[in-house]
Amino acid sequence: MKTSNLLLILIVIFYFSACLKEEIDLNNLSSEVAVERDFAMPLIYSSLGIEDFTDEGYDSLLIISGDTIRLYIIEDLDYSDTISLRDIGEDFDFDYIRLFHSFTNSLPIGLDMQFYLFDSVYQQNLDTIFLTEHPGEIFIEAAERSEDGLVIEENVVEQEGVVSLDAEQMDCIQYDATHIIMDAVVPSTGEWVKILDHYSLDFRISTEARGRYITDLDSI
């Protein structure tokens with residue numbers, strides 16, 4: 001839309017909203033416009049099965065007997081992915097940013113996860129977003145097992161949570177960070193665990209944000 005048309009629309013709106021006044025001084029109208037936006041988008045959706053943990057490149061041992069897989073993860077397994085941040089610009093002001101997560105884990109294997117706000121210019125992590133209430137706690141605990149070593153499937157339920165970013169983290173995303181790095185770790189089991197072929201770890205993470213973009217019509 002051309003600037004002249006946008007100004008005409010704004011003038012009409014302003015006129016009817018001020019109908020109780022006898023006149024409007026158009027010369028005193030500000031050319032600054034603030035546009036509020038709500039954002040909601042998925043970040044990660046994954047369904048992990050036993051095949052995702054038994055690649056021959058991992059430090060693990062595998063014995064297959066019938067429909068039961070016995071797995072011993074000797075060392076922590078690391079996964080990572082990078083999300084590039086678009087240039088938001090200093091004219092965008094966040095009201096809030098929230099991360100929503102849900103997971104269903106029927107694997108006797110846990111998963112830890114956090115997000116790093118990364119500056120690729122100076123090659124350093126600026127801040128960390130934890131998905132747990134207390135840093136250091138594991139994000140997804142291994143599923144509960146019975147005495148025979150199999151997962152108690154009736155105890156497996158979907159769990160949900162939300163993390164709200166603080167003001168410093170939002171400022172970091174807006175001004176300093178160039179990427180968000182997802183870092184996921186599957187902790188060592190420390191012992192043999194039994195896994196049936198239908199066990200899985202399903203999780204999804206999405207984001208919701210609100211903010212406003214402020215611009216000057218004279219600069220358009």
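**Exercise 1.** In this predicted model, determine which residues Ser-46 is in contact with once its neighbours within four places in sequence are left aside, and decide whether Ser-46 counts as buried or exposed.

*Solution.* Begin with the contacts: leaving aside the neighbours within four places in sequence, Ser-46 touches Leu-201, Asp-202 and Phe-203. Next, place the residue in its element, which is strand β1, covering residues 32-48. Finally, take the relative accessibility of Ser-46, which is 17%; because buried means under 20%, Ser-46 counts as buried.

**Exercise 2.** Work out the order of the strands in the open sheet of four strands, and explain why one side of β4 and of β7 is left without a neighbour in the sheet.

*Solution.* The order is β4-β9-β6-β7, and the pairing is antiparallel. Strands β4 (77-84) and β7 (124-130) stand at the edges with a single partner strand each, and therefore one side of each has no neighbour in the sheet. From one strand to the next, the twist averages 25°.

**Exercise 3.** Find how many bridges join β6 to β7, and describe where helix α2 packs on the sheet.

*Solution.* Strand β6 (residues 112-119) and β7 run antiparallel and are joined by six bridges; Phe-115, for instance, has Ile-129 in β7 as its bridge partner. Helix α2 (residues 167-176) packs on the sheet, where it touches β6 and β7, and its direction makes about 140° with that of β7. The buried residues of α2, among them Met-170 and Ile-173, pack against β5 (92-105), β6 and β7. At the start of α2, a side-chain oxygen of Asp-166 comes to within 3.2 Å of the backbone nitrogen of Glu-168.

Terms used. Residues numbered from 1 in each chain as written. Predicted model: local features only at pLDDT ≥ 70, side-chain atom pairs only at ≥ 80, totals over all residues. Heavy atoms only, no water. Pairing = 2+ DSSP bridges. Helix = DSSP H or I, 4+ residues; strand = E, 2+ residues; numbered from the N terminus. Axes fitted to C-alpha atoms, helices over the stretch in contact; angles between N-to-C directions. Contact = heavy atoms within 4.5 Å. Buried < 20%, exposed > 50% of the residue type's maximum accessible area, 1.4 Å probe, protein only. Polar contact = N/O pair within 3.5 Å; in protein donor to acceptor, adjacent residues only side chain to side chain.
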